[in-house]
Amino acid sequence: MRNNDHIPVHHVHGPNPKPMKLNRHHSVRYYVHRVHESLTTRVSKMICATFLGLLFIVGLITFILWLSLRPHRPRFHIHQFNMPGLTQNSGFENAVITFNVTARNANQNIGVNYESMDGAVFYRDQKIGYTPLLFPFYQEPKNTTEVDGELSGASLTVSSNSWSEFQSDRADGSVVFRLELISVIRFKISSWESKRHTMHANCDVGVGSDGTLLTNFKDKRCPVYFS
């Protein structure tokens, strides 16, 4: 006769038998938590993917615009620079400097608004002349503008000592000056304009014993920088 109080025990055969875990049914709260966690992960992944996609599109558009616009700073070349009175031993009182420079906008789709342009002449890093140049103007893309200037009288301050130094350099074969053009500009694309930039074009120029520009300086490109 069997005892009904006896609990049957199932034995697992084999080496190192381990007790079997009984599966229990999870609660409703557990499944709700798992679903909420899964939805949160999916939403986070979707937001990250959308953000990265938008970032890629903006970067691609910016790169395409840069390739199409190809922005370039204006290019300046010195063509003429003369000091005709240099042949006179004591001509500092009537000294005159004339020059011709071209400003080239090499951009394909970007215009340049020149709000001002001034010219200054330096000799051994000392300013000996200054004059305003041109009225405000807009330069179309792929356009070249000639800049002519003359310094004399009050705009050109040359002392007898400076003139003596000119004559000393002239005896050695050349007198070297530096012509600096200072401009306040804005770049323009369609109806949009950039902020103001102060641009400097530095042209090293050398004149011979007759006061005219030496061949090796003619048509030379002037370095340009912004401040």
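Select Cys48 first. This residue is partly exposed, with a relative accessible area of 48%. Keep in mind that you are looking at a predicted model.

Next, select Ile61. Ile61 sits in helix α1, which covers residues 28–69. Is Ile61 buried or partly exposed? Its relative accessibility is 46%, so Ile61 counts as partly exposed; the exposed class would need over 50%. Now add Leu54, Phe56, Ile57 and Leu60 to the selection. Together with Ile61, these residues make up a nonpolar patch on the surface. The accessible area of the five adds up to about 510 Å². Switch on a surface display to view the patch.

Move to strand β1, residues 75–82, and pick Asn82. Draw a distance from the C-alpha atom of Asn82 to that of Ile97. The separation is 5.7 Å, although these positions lie 15 residues apart along the chain count. Which residues does Asn82 touch, beyond those up to four places away in sequence? They are Val96, Ile97 and Thr98, along with Gly211, Thr212 and Leu213.

Now go to strand β2, residues 96–105, and select Thr102. Its relative accessible area is 13%, so Thr102 is buried; the cut-off is under 20%. Show the side chain of His79 as well. A polar contact of 2.9 Å connects the side chains of His79 and Thr102. Then expand the selection around Thr102. Setting aside neighbours within four places in sequence, Thr102 contacts Arg75, Phe76, His77 and His79. Thr144, Thr145 and Glu146 are also among its contacts.

Last stop: the disulfide. How many disulfides does the structure hold? There is 1. Select Cys203 and Cys222, whose sulfur atoms lie 2.0 Å apart. The bond ties together distant parts of the chain. Cys203 belongs to strand β9, residues 197–207. Cys222 belongs to strand β10, residues 220–222. The two cysteines are 19 residues apart. Look at the torsion about the S-S bond. It is about 110 degrees, so the disulfide is right-handed.

Finish by checking burial at each end of the bond. Cys203 has 1% relative accessibility and therefore counts as buried. Cys222, at 3% relative accessibility, counts as buried too. For contrast, return to Cys48, which is partly exposed.

Methods. Residues are numbered from 1 along each chain as its sequence is written. This is a predicted model: local features need pLDDT of at least 70, side-chain atom pairs count only at pLDDT 80 or more; totals for chains, interfaces and linings use all residues. Side-chain values use heavy atoms; hydrogens and water are left out. Patches are made of residues with over 30% relative accessible area and no salt bridge: like charges are joined within 9 Å, nonpolar side chains (Val, Leu, Ile, Met, Phe, Trp, Tyr) within 5 Å. Accessible areas come from the Shrake-Rupley method with a 1.4 Å probe; for residues, only the protein chains shown count as cover. A salt bridge is a side-chain nitrogen of Lys or Arg within 4 Å of a carboxyl oxygen of Asp or Glu. Helices (H or I, at least four residues) and strands (E, at least two) are DSSP runs, numbered from the N terminus. Buried means under 20% relative accessible area, exposed over 50%, partly exposed in between (1.4 Å probe, protein chains only). A polar contact is a pair of N or O atoms within 3.5 Å; within protein, one must be able to donate a hydrogen and the other to accept it, and residues adjacent in sequence count only if both atoms are side-chain atoms. Contact means heavy atoms within 4.5 Å. A disulfide is a pair of cysteine sulfur atoms within 2.5 Å.
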